[in-house]
Amino acid sequence: MREIPVQNVIDAVAAMCIKANTELPDDVRAKFEQAMAEETSDSAREVLRQLLENADLARDTKLPLCQDCGLAVFFVEVGDDVRVVGGNLREAINEGVRKGYADGFLRKSACHPLTRANTGDGTPAIIHFDMVPGDRLKLVYMAKGGGSENMSRVTMLSPAQGWEGIKKFVVERVAEAGPNPCPPTVIGIGVGGTFDHAAKIAKQSLMRRLDDTHPDPDIAAREKELEDALNALGIGPMGLGGNTTVLGVKITMEPCHLASLPLAVNVQCHSQRHEEVEL
């Protein structure tokens, strides 16, 4: 049984929170540059240029890419031959969030749903655990801002609606969201499972790199179909028009009940802030 000191987890989580909020991922930067080369709209190109300039400033000054540093969301893979010693894993992750959001001067946005009283330290984090074979501990972090999360939806389609129903709902959702989630966005789609599981796998889809291709050719083709349809909406960067409304569409599809067709659309802003580490 491999042992990992709890302080290693705390330090890793703190560093992840700071890095994700101050350094634009390389795959997102590459998409911005590609979009600038392909854009036909002057205003869209200017917005993309400013986003790249903002990313450079954030990296150089170690200040956040955006004032909304989001809620801390984690997907954690725990090997069945590893254990954290000296403390509890969930508490270690939350302590790492406290440290990272304090040391990085990141805005703390966690509050009581009704009183709106701020918890003061960015916690509690939203944590999804999964047991996997081996002796590794993998932590994947996402800073999920309110503007994009507010535009996300879950629905229960009838099986008869099929792919056309899925496509219609996704396109309408992005069109209705308009400029609110700070496009160009990344769209995570969860199809299958149950009401709650569809939402989970939709968010998990956002952890994929923008430059990857789904291993299932059928799903890869559907991702491309949706990406083309969404970019044809003409919303463009920050809603000012153009052919770059989304940077990518990522689908996770899993079995569901024969009487159901759960669908979740999780919208992520242009910064696509995420980081992962394996201990």
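**Exercise 1.** With which residue does Glu172 form a salt bridge, and how far apart are the closest N and O atoms? Decide also whether each partner is buried, partly exposed or exposed.

*Solution.* The model studied here is a predicted one. As a start, look at the side chain of Glu172, which forms a salt bridge with Lys168, the closest N and O atoms being 2.8 Å apart. Next, place the two residues in the chain: both belong to helix α6, which covers residues 162–177, and because they are four residues apart they are separated by about one helical turn. Then turn to accessibility, where exposed means over 50% relative accessible area and buried means under 20%. Glu172, with a relative accessible area of 35%, is therefore partly exposed, whereas Lys168, with 51%, is exposed.

**Exercise 2.** Find the residue that meets Asp103 in a salt bridge, and describe where the pair lies.

*Solution.* The side chain of Asp103 meets that of Lys99, with a distance of 2.9 Å from N to O. Both residues lie in helix α4, residues 89–103, and they stand four residues apart, about one turn of the helix. As for accessibility, Asp103 is partly exposed at 44%, and Lys99 is partly exposed as well, at 34%.

**Exercise 3.** Which residue forms a salt bridge with Arg208, and are the two partners buried or exposed?

*Solution.* The partner of Arg208 is Glu223, and the closest N and O atoms of this salt bridge are 2.7 Å apart. This pair links distant parts of the chain, since Arg208 is in the loop between α7 (195–205) and α8 (217–231), while Glu223 is in helix α8, 15 residues away. Because buried means under 20% relative accessible area, Arg208 counts as buried with its 16%, and Glu223 counts as buried with its 6%. To set these pairs in context, a search of the whole structure finds 28 salt bridges.

**Exercise 4.** Work out how helices α2 and α3 are arranged relative to each other, and which residues meet between them.

*Solution.* Begin with the axes: those of α2 (residues 26–38) and α3 (residues 42–61) come within 9 Å and cross at roughly 155°. An angle over 145 degrees counts as roughly antiparallel, and the two helices are therefore roughly antiparallel to each other. The handedness comes next, and here α2 passes α3 in a left-handed crossing. Finally, list the contacts: from α2 come Arg29, Phe32, Glu33, Ala35 and Met36, and they meet residues of α3 that include Leu48, Leu52, Asp56 and Arg59. Sorted by class, this contact has seven nonpolar residues, six charged residues and no polar ones. Some of these names return in a network of salt bridges, which links Arg29, Asp56, Arg59 and Asp60.

**Exercise 5.** Which peptide bonds described below are cis, and where do residues with a positive phi lie?

*Solution.* Recall that most peptide bonds are trans and that most residues other than glycine have a negative phi. The bond from Thr123 to Pro124 is cis, with omega near 5°, and Pro124 is found in the loop between α4 and β4 (126–132). That loop also contains Arg116, whose phi is near 65°, a positive value, and which counts as exposed at 55% relative accessibility. The bond from Pro183 to Pro184 is cis too, with omega near 10°, and Pro184 is placed in the loop between α6 and β7 (185–193). Cys182 lies in that loop as well; its phi is positive, near 60°, and at 31% relative accessibility Cys182 is partly exposed.

How values were computed:
Residues numbered from 1 in each chain as written. Predicted model: local features only at pLDDT ≥ 70, side-chain atom pairs only at ≥ 80, totals over all residues. Heavy atoms only, no water. Axes fitted to C-alpha atoms, helices over the stretch in contact; angles between N-to-C directions. Parallel < 35°, antiparallel > 145°, perpendicular 65-115°, else oblique. Left-handed = near helix turned anticlockwise from the far one by under 90°. Contact = heavy atoms within 4.5 Å. Nonpolar A, V, L, I, M, F, W, Y, C, P; charged D, E, K, R; others polar. Salt bridge = Lys/Arg side-chain N within 4 Å of Asp/Glu carboxyl O. Buried < 20%, exposed > 50% of the residue type's maximum accessible area, 1.4 Å probe, protein only.
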